[in-house]
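This briefing looks at empty space inside a protein and at the way some of its helices pack. Please keep the sequence and the structure at hand while reading.

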Amino acid sequence: MTNIKNLLEVKNASFSYNERKNIFEDLNLQVKKGEIFCILGANGCGKTTLIKCITGINKLTKGNIILNNKDMASLKPSQIAKSMAYIPQEHNSTFPYSVLDVVLMGRSAHLEIFESPSEKDYKIAEKAIKSLNIEHLKSVPYNEISGGEQQLTFIARVLTQEPKLLVLDEPTSHLDFGNQIRALNVVEKLAKDGLAIIMTSHFPDHVLTSGTKVAIMKDRGFIEVGSPEDVINSENMEKTYGISVKIIDMGERFACVPLKLK
């Protein structure tokens, strides 16, 4: 079997809408198995647009995306779905599917058209639900559970998809404080189990808590890429957010504390 060093590589990537000004240009990133690659930046810097290009929703204006040593442009959506799973910022449902039904939808990448899920598919879905401690929600309509429970349901759904790479766009943006930490803990566990993860965030503290590598996105590019402890510093945070911060060593990890505006 070929040894794949990077599960995903973005090479010299640029993107613009309707050939107007580039949203980002000449971006490069690599993500390995077990790595949590965080893209940190302010609102409007292009994080979500980059994520949509990585997942194939948008097509790059320039550059290449390599998934499992293959150019994504040459792959069918079904082939991409067997290696990459994506959780967007918004995933509301107006239909009263049960949590189990929503999770089971993750198996669609492995089924032929009009093929029904098998007993094996149900077992994989139920195993994913159990791993996230949401068995009690299995029969509950998805549109009747909380935002935190919906996020866990969608994570269970992508686990059922059995991907090698998980892409998360602002996974904590609609969660309360407790569920933010719970979601980050799940992300860390998935990385320890071998998934490669790309995650966007507004919050430096979340990157310091969970990230293994971070890229700060600003002015159509990455201004620095490296370990969270090296990259998240007072100078970079002021450049990124326009405020002063203090980086505090808490022993187990560092924390980024914004200072009051004068």
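How do the residues of the lining of the second largest pocket divide into nonpolar, polar and charged? In this predicted model, that lining holds 17 nonpolar, eight polar and three charged residues. The points below take up this pocket, then the largest cavity, and then two helix contacts that both involve helix H5.

**The second largest pocket**

- The second largest pocket encloses about 550 Å³ of space, and its lining is made up of 28 residues, among which Thr 55, Gly 56, Met 72, Ile 80 and Met 84 lie nearest the centre of the pocket.
- Two or more lining residues come from each of strand E4 (62-67), helix H2 (77-81), strand E6 (84-87) and helix H5.

**The largest cavity**

- When the whole structure is searched for cavities of 30 Å³ or more, one is found, and the volume of the largest cavity is about 40 Å³.
- The residues that line the largest cavity are Gly 148, Gln 151, Leu 152, Leu 175, Asn 179, Arg 182 and Ala 183, and by class they comprise three nonpolar, three polar and one charged.
- Helix H5 (147-160) and helix H6 (177-192) each contribute at least two residues to this lining.

**Packing of H5 against H6**

- The axes of H5 and H6 are 10 Å apart and the two helices pack at an angle of about 15°; since angles under 35 degrees count as roughly parallel, H5 and H6 are therefore roughly parallel to each other.
- H5 and H6 cross in a right-handed sense, and the contact is formed by Gly 148, Leu 152, Ile 155 and Leu 159 on the H5 side, with Asn 179, Val 186 and Leu 190 on the H6 side.
- The contact of H5 with H6 contains five nonpolar and two polar residues, and no charged residues.
- Gly 148, Leu 152 and Asn 179, which take part in this contact, are also among the residues lining the largest cavity.

**Packing of H4 against H5**

- The axes of helix H4 (residues 119-131) and H5 come within 9 Å of each other and cross at roughly 140°, and H4 and H5 are therefore oblique to each other.
- The crossing of H4 and H5 is right-handed, and its contact brings together Ile 124, Ala 125, Ala 128, Ile 129 and Ser 131 of H4 with Ala 156, Leu 159 and Thr 160 of H5.
- By class, the contact of H4 with H5 has six nonpolar and two polar residues, with no charged residues.
- Leu 159 of H5 takes part in the contact with H6 and also in the contact with H4.

Terms used. Residues are numbered from 1 along each chain as its sequence is written. This is a predicted model: local features need pLDDT of at least 70, side-chain atom pairs count only at pLDDT 80 or more; totals for chains, interfaces and linings use all residues. Side-chain values use heavy atoms; hydrogens and water are left out. On a 1 Å grid over the protein atoms alone, a cavity is a set of points where a 1.4 Å probe fits but cannot get out, and a pocket is an open set with protein on both sides within 12 Å along at least five of seven lines; lining residues have an atom within 4 Å of a point. Grid points are joined across faces, edges and corners, and a volume is the space filled by probe spheres set on the points. Helices (H or I, at least four residues) and strands (E, at least two) are DSSP runs, numbered from the N terminus. Ala, Val, Leu, Ile, Met, Phe, Trp, Tyr, Cys and Pro count as nonpolar, Asp, Glu, Lys and Arg as charged, and the others, Gly among them, as polar. Axes are lines fitted to C-alpha atoms, for helices over the stretch in contact, and angles run from 0 to 180 degrees between N-to-C directions. Angles under 35 degrees count as roughly parallel, over 145 as roughly antiparallel, 65 to 115 as roughly perpendicular and the rest as oblique. A crossing is left-handed if the near helix is turned anticlockwise from the far one by less than a right angle, and right-handed if clockwise. Contact means heavy atoms within 4.5 Å.
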